[in-house]
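Trainee: Could you walk me through this one? I'd like to go over the packing, then the ligand, then how far to trust it.

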Amino acid sequence: MNKKQSYRTILSVAMLASLATSGAVVAAQPVGPDLTDKLRGLLVKEMVEIEAAMQETYSAIIQGKHNEVAQKGQAIHDSFILEQSLTEQDEQDLVAAVPQEFLQMDGRFHRLAASLAEAGKQQDTQAQVNTFNRMTESCVACHSRYVTDRFEGLDNQSFPAAWGHDAGGDSQG
Ligand code: HEC
């Protein structure tokens, strides 16, 4: 490669990089450090429980254990932070600390957990798989936007902007 070509290559890489950062995706902004200790503690505890429940759900789906899928979906739904009995002060602290979009992603995830429970009750394996995939997209979307201080490997990932939002993945079922 001669000098001119390698310069061009570097330039185009730089242009691609700037295009990627100037896209629709807003700069990542970790929310954890802005939460009160109480809220952060609750959130972390809940996340650990959700991850365990997701793994158990996966196992139940691929073995056709519909009742267990329904139970896990309900448990994920019920454990959710905004569903917990936060005091009014906690709620105000939460809303003050996180961007509106975080709450929207939270709501989306919450609704998906309800859909998972429903798909379990309906004994509908295809709906269980689809919903599980949408939920995984939600985890990744929220973490890659709001937890990059801890999950560096999710920083600057590219995936559909709709992930984690209500239109996300719906076209695929
Ligand atoms: C609406 C945003 C949001 C969604 C959706 C979300 N998370 Fe999280 N998650 C967070 C935040 C914020 C943290 C970091 C908390 C902190 O460190 O303060 C976190 C942290 C975690 C952690 C680390 C907990 C620890 O040990 O400290 C795990 C595990 C986790 N999430 C699992 C999941 C899974 C699995 C899903 C999807 C099924 C999910 N999360 C969906 C916001 C989200």
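Trainee: Which residues does Val 69 touch, not counting residues up to four places away in sequence?

Mentor: In this predicted model, Val 69 touches Thr 57, Ala 60, Ile 61, Leu 116, Ala 119, Gly 120 and Gln 128, where contact means that the C-beta atoms, placed from the backbone, lie within 7 Å. Residues are numbered from 1 along each chain as its sequence is written. Because the model is predicted, local features need pLDDT of at least 70 and side-chain atom pairs count only at pLDDT 80 or more, while totals for chains, interfaces and linings use all residues.

Trainee: And how many residues are in the largest nonpolar core?

Mentor: That core has 20 residues, and those with the most contacts inside it include Val 69, Phe 109 and Met 135. A nonpolar core here is a set of buried Ala, Val, Leu, Ile, Met, Phe, Trp, Tyr and Cys residues joined through C-beta atoms within 7 Å, and buried means that 20 or more other C-beta atoms lie within 10 Å of the residue's own. Two or more residues each come from α2, α3 (66-79), α5 and α6, with α5 giving the largest share, seven residues. The helices are DSSP runs (H or I, at least four residues), numbered from the N terminus.

Trainee: Which residues of α2 are buried?

Mentor: Leu 39, Ile 50, Ala 53, Thr 57, Ala 60 and Ile 61 are buried in α2, and the buried residues of this helix pack against α3, α4 (88-97) and α6.

Trainee: Why should α2 span 38 Å?

Mentor: The helix has 26 residues and the rate is 1.5 Å a residue, so the expected span is 38 Å, which agrees with its end C-alpha atoms being 38 Å apart; the expected value is 1.5 Å times one less than the number of residues.

Trainee: Switching to the ligand, what surrounds it?

Mentor: The ligand is surrounded by 22 residues, the closest being Gly 32, Met 47, Glu 51, Cys 139 and Cys 142. Helices α2 (37-62), α5 (100-121) and α6 (125-146) each give two or more residues to that shell, and α2 gives the most, with eight.

Trainee: Last thing, where does pLDDT stay under 50?

Mentor: It stays under 50 over residues 5-24, for which the model has three contacts beyond four places in sequence; pLDDT is the predictor's confidence in each residue, from 0 to 100. Helix α1 (residues 3-22) has the lowest mean among the elements, 46, and α6 the highest, 97, while the protein averages 83.

Conventions
Near = placed C-beta within 6 Å. Buried ≥ 20, exposed ≤ 12 C-beta atoms within 10 Å, placed from the backbone. Contact = placed C-beta atoms within 7 Å.
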